[in-house]
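Biologist: I am new to this structure. Please take me through one part of it closely: the place where the ligand sits, and the other hollows in the protein.

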Amino acid sequence: MRRQTPPLLLINIDQLLTLRSASHSAGPRRGPALRERGIIENGAVLCLGGKIVSVGSMKDALRDPWLRKNRNKVTEIDCRGKVVLPGFVDSHTHPVFVSPRLLDFEKRIGGASYEEIAAAGGGIRSSLKDVRRAGKRDLVEKVLAALRDMAAHGTTTVEAKSGYGLSAESELKSLEAIREAATRWPGTVIPTLLGAHVVPKEFQGCSQKYVEIVCKEMIPQAARRKLAQFVDVFCDSGAFRADEAEQIFAAAEQHGLSVRAHLSQLSRTPVQQFLRFNPASLDHLDHVSDDDISALARHNTVATLVPGANYFLGLKEYPPARKMIDAGVPVALATDYNPGTSPTRSMAMVMSLACTHMKMSPEEAIAAATINGAWALRVADRKGSIEPGKDADLAVFAVEDYREIPYWFGMNRCETTVIGGAVFSPQ
Ligand code: NIG
Ligand code: FE
């Protein structure tokens with residue numbers, strides 16, 4: 001029998017960032033709304049049955065008739081001198097891999113580019129062998145270790161892509177590993193099929209045959225077995241062409257799956273022609289054009305920026321976040337956790353990069369890492385802000401001011417993570 005989560009009360013919170021918006025317009029946060037923190041000083045949050053039931057000042061909490069009667073039944077966390085915010089929503093990760101790519105790392109230090117390394121047999125294709133050979137149980141352990149570490153860094157919802165198997169069998173095995181890991185982790189996992197990550201070696205020169213496997217085998221099976229909610233495509237030089245991405249999106253649509261894409265990371269790729277598929281998110285966008293920015297500003301598709309990849313590839317340029325935000329594009333931040341371009345599980349590190357290299361303000365970075373991540377995964381009705389009725393997913397940071405979260409880079413100041421109204425503990 002499942003035990004009911006006991007009531008949990010967070011009290012004396014120095015800064016409670018609810019991320020509640022004063023504006024009533026539904027949809028992802030954009031422009032000035034991306035700076036709204038919904039801050040309460042000396043705040044309290046009450047969680048019951050895994051949900052948030054009340055949010056307000058300590059004064060209000062102490063007056064609450066239910067609490068006055070039941071305080072002895074409630075577990076309390078004293079958050080004096082601390083900041084509480086919604087658990088991070090990491091809306092772009094690739095956790096199903098076996099080994100770090102240390103050879104690529106060293107080659108890049110020696111001056112080779114991501115594309116040169118991939119062309120010489122490194123890159124995504126070099127991660128396939130391990131994953132194809134691995135038993136599902138080993139993959140589950142890899143994914144679970146990543147999820148636990150993410151939770152220790154304050155992340156409570158994670159999008160997880162397949163994409164290092166690149167055969168119907170090993171892509172489905174990867175999705176099964178994600179599903180199994182998710183059952184052993186209290187947070188929320190949103191699975192994505194990225195069968196179209198690159199064309200595997202055995203299909204080089206006949207990519208259409210591979211696209212057909214993605215469309216006619218991987219997508220129908222993933223949909224029928226409910227192994228994925230989204231289908232992703234890496235559309236860029238060295239990966240898939242725009243017409244191939246369209247075929248894959250059409251197949252996803254036909255099977256009732258939503259879409260998202262890696263676009264404009266390495267070179268300028270088309271953006272606007274994909275908007276007709278109503279993607280939840282388009283990601284990377286390093287080389288996005290002004291025209292594309294104007295089009296994105298008119299849509300609810302989220303632009304998910306992943307500056308960890310720019311940092312780790314040692315690039316001088318970062319996606320034009322300032323330009324996008326000022327034009328009204330809804331922007332999210334994610335780790336892009338993967339072995340090739342972004343081996344980090346820390347949303348705080350990504351937020352730090354967003355502030356220092358993309359000139360996002362700490363407030364914008366926080367909204368992009370919480371509520372807009374939730375929009376990018378279409379779970380904003382239950383995630384991404386601290387409001388009555390939403391899931392009780394919270395991060396407690398041992399800092400006095402929320403701006404310290406991106407300020408202290410490369411260290412973890414998350415002290416407690418609450419998932420579904422219960423304190424997360426790694427084991
Ligand atoms: O998001 N761009 C495509 N996919 C990953 C890289 C994957 C890898 O190099 O293993 C990314 O950066
Ligand atoms: Fe990625």
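Modeller: What follows starts at the ligand and then moves on to the cavities and the largest pocket.

A word of caution comes first: this is a predicted model.

Start with ligand 1 and its neighbours. The shell around ligand 1 holds 15 residues. Tyr114, Tyr164, Gln265, Asp336 and Thr341 are the closest of them. By class, this shell has 9 polar residues, 4 nonpolar ones and 2 charged ones.

Now look at the oxygen atoms of ligand 1. Which side chains place a polar atom beside one of them? Tyr164 does, with a polar side-chain atom 2.6 Å from an oxygen atom of the ligand. Arg101 does too, and here the distance is 2.8 Å. For His284, an N or O atom of the side chain is 2.9 Å from a ligand oxygen. How much of ligand 1 does the protein cover? On its own, ligand 1 has 330 Å² of accessible area, and the protein covers 100% of it.

Next, the space itself. Searching the whole structure gives 2 cavities of 30 Å³ or more. The largest cavity has a volume of about 100 Å³. Its lining is made of 13 residues. Closest to the centre of this cavity are Tyr114, Ile124, His197, Gln265 and Thr341. The lining divides into 8 polar, 4 nonpolar and 1 charged residues. Ligand 1 sits in this largest cavity. Tyr114, Gln265 and Thr341 therefore turn up twice: they are among the residues closest to ligand 1, and they are among those closest to the cavity centre.The second largest cavity comes next. About 40 Å³ of space lies inside the second largest cavity. Its lining includes Pro86, Gly87 and Val89. Thr156 and Thr157 also line this cavity. So do Lys383, Gly384, Ser385, Asp391 and Asp393. By class, the lining has 5 polar, 3 charged and 2 nonpolar residues. Why does this cavity lie between two domains? Both domain 1 (2-86 + 386-423) and domain 2 (88-376) give residues to its lining, so the cavity is found between them.

Last comes the largest pocket. The largest pocket holds about 330 Å³ of space. It is lined by 17 residues. Ser23, Ser25, Ala26, Gly27 and Arg29 lie nearest the centre of the pocket. The pocket lining counts 7 polar, 6 nonpolar and 4 charged residues. Which domains supply the pocket lining? Domain 1 (2-86 + 386-423) and domain 2 (88-376) each give at least three residues to it.

Key. Residues numbered from 1 in each chain as written. Chains lettered and ligands numbered in written order. Predicted model: local features only at pLDDT ≥ 70, side-chain atom pairs only at ≥ 80, totals over all residues. Heavy atoms only, no water. Near = heavy atom within 4 Å. Polar contact = N/O pair within 3.5 Å; in protein donor to acceptor, adjacent residues only side chain to side chain. Areas by Shrake-Rupley, 256 points an atom, 1.4 Å probe, with all protein chains shown as cover. 1 Å grid on protein atoms, 1.4 Å probe; cavity = no way out; pocket = protein on both sides within 12 Å on 5 of 7 lines; lining within 4 Å. Sits in = over half its atoms within 2 Å of the grid points. Nonpolar A, V, L, I, M, F, W, Y, C, P; charged D, E, K, R; others polar. Points joined across faces, edges and corners; volume = space filled by probe spheres on them. Domains from an automatic or database assignment.
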